Amino acid sequence: MKKILFAANLESFFIKFLIPQFKYFKEQGYEIHIAAKLEGLEIPYCDKKYDINFARSLNAKQIIESYKQMKNLFKEEHYDIVSCHTPFGGAITRLAYKKCKVKDTKMVYMAHGFHFYKGAPKFNWLCFYPVEKYLAKYTDTLVTINLDDYELAKKKFKTDVRYVKGVGLNVSKFDFEMNEERKQDYRKKLGLEKDDFVLIYPAELLPRKRQTWLIKTLNELFKENPKFHLLLPGKDSMNGECQKLVNELNLNKQIHFLGFRKDVPELLTISDLAVSSSKQEGLPVNVMEAMYCGLPLVVTACRGNRDLIENGKNGYIIGINDSKGFREKVLYFSKINSTERENIKNENKIIIEQYLLDRVIEDIIEMYE
């Protein structure tokens, strides 16, 4: 039986992004193995798991430990295909593969967003770029999911470089009814009124997502209009820094920290505008999901966001630190009429079609084959 190994830092990564690929290879008769830090999750279509303590930062002890674990795995098992993901999971897997001199195995690395990009810290270029350039020689196919990464890799790396439009947006989670009555009931539970203008930014609270910049940027606008509200669903990984800022600015009634939520699709459908203040993305799922819901968007000009938003059609891309421009576009969308909103919804439908799972999975499978 043919075997394929999927490697990534955490087991939860497979649940978020790769189950459709697992399903395809299972249907083709492959035995599916995974290598990751196991979290006790149920992984569909998976035949065997290996608990690998992949590093998530420049931790020398963890890097050496996981490197040895992967070498032992390659000595124990032979795979027809190895599909590796995440920076450290991908790098360590390929280093072990090189050391073991594995033959007749296709090595595929999918970059979900290089750590080096235009505007990235110099440290990222000095650390991560040389590693990826070196490992490209031991990668049969390097897959990128945004045009910035594709153009860079095509120019700088000596390997087969492909571009696919993400891992495919799975829209099954949007299979629900949201009539006006349910929408207003949902709003009421969140402390929102029918005539409130609701912004949403579903994302983990992280420095690179820049929720603090967003809060400061919207402060003036929110003070002028108490009907403006911002929903921030997402795990807090900043130890309450954003909440403290909101308290200082006295915006507690307008900015809502919702924590980790499983109802983001519903939250999107009760909102009026989606925003993103990120400085670094691969291909942002939150932006794609907002597009699928037909929302207009105001986003910062970072990699990934630029792939999805067409200025004046489905939203606006604003300079990474242009607070004034960001506020102006938020205000603009608060005043558009129903016809303009419907036009944006239609534009989103056209653009997002090419990013849906059914379309993208075909390109991914063709790349493997």
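**Close-up 1. Glu27 and its partner Lys23 in helix H2.** Glu27 counts as exposed here because its relative accessibility is 52%, and anything over 50% earns that label. Keep in mind that this is a predicted model. Glu27 pairs up with Lys23 in a salt bridge, with 2.7 Å between the closest N and O atoms. The two residues sit four apart in helix H2 (residues 19-27), or about one turn of the helix. Lys23 comes in at 36% relative accessibility, so it is labelled partly exposed.

**Close-up 2. A salt bridge between Lys26 and Asp47.** Here the side chains meet at 2.6 Å, N to O. This pair ties together distant parts of the chain, 21 residues apart: Lys26 belongs to helix H2, while Asp47 lies in the loop between strand E2 (31-37) and strand E3 (48-51). Lys26 is partly exposed, at 27% relative accessibility. Asp47 is partly exposed too, with a relative accessible area of 41%.

**Close-up 3. Lys324 and Glu328 in helix H13.** These two form a salt bridge, and their closest N and O atoms are 2.6 Å apart. Since they are four residues apart in helix H13 (residues 323-333), about one helical turn separates them. Lys324 is exposed, at 53% relative accessible area, whereas Glu328 is partly exposed, at 43%. Elsewhere, Glu193, Asp195, Asp196 and Lys227 are joined into one network by salt bridges that share partners. The whole structure has 19 salt bridges.

**Close-up 4. Strand E6, covered on both faces.** Side chains in a regular strand alternate between the two faces of the sheet. So what sits on each side of strand E6 (residues 141-144)? Thr141 and Val143 are on one side, Leu142 and Thr144 are on the other, and all of them are buried.

**Close-up 5. The strands that pair with E6: E5 and E7.** Strand E5 (residues 106-111) runs parallel to E6, and four bridges link the two. Look for Met110, which stands opposite Val143 of E6. Strand E7 (residues 160-163) also pairs with E6 in the parallel sense, again over four bridges. In that pairing, Thr144 has Tyr163 of E7 as its bridge partner.

**Close-up 6. Helices that connect the strands: H5 and H6.** Helix H5 (residues 122-135) joins E5 and E6 in a right-handed β-α-β unit. Helix H6 (residues 147-156) forms another right-handed β-α-β unit with E6 and E7.

Conventions:
Residues are numbered from 1 along each chain as its sequence is written. This is a predicted model: local features need pLDDT of at least 70, side-chain atom pairs count only at pLDDT 80 or more; totals for chains, interfaces and linings use all residues. Side-chain values use heavy atoms; hydrogens and water are left out. Buried means under 20% relative accessible area, exposed over 50%, partly exposed in between (1.4 Å probe, protein chains only). Two strands pair if DSSP finds at least two bridges between them. A crossover is right-handed if, with the strands pointing away from the viewer, the path from the first strand over the helix to the second runs clockwise. A salt bridge is a side-chain nitrogen of Lys or Arg within 4 Å of a carboxyl oxygen of Asp or Glu.
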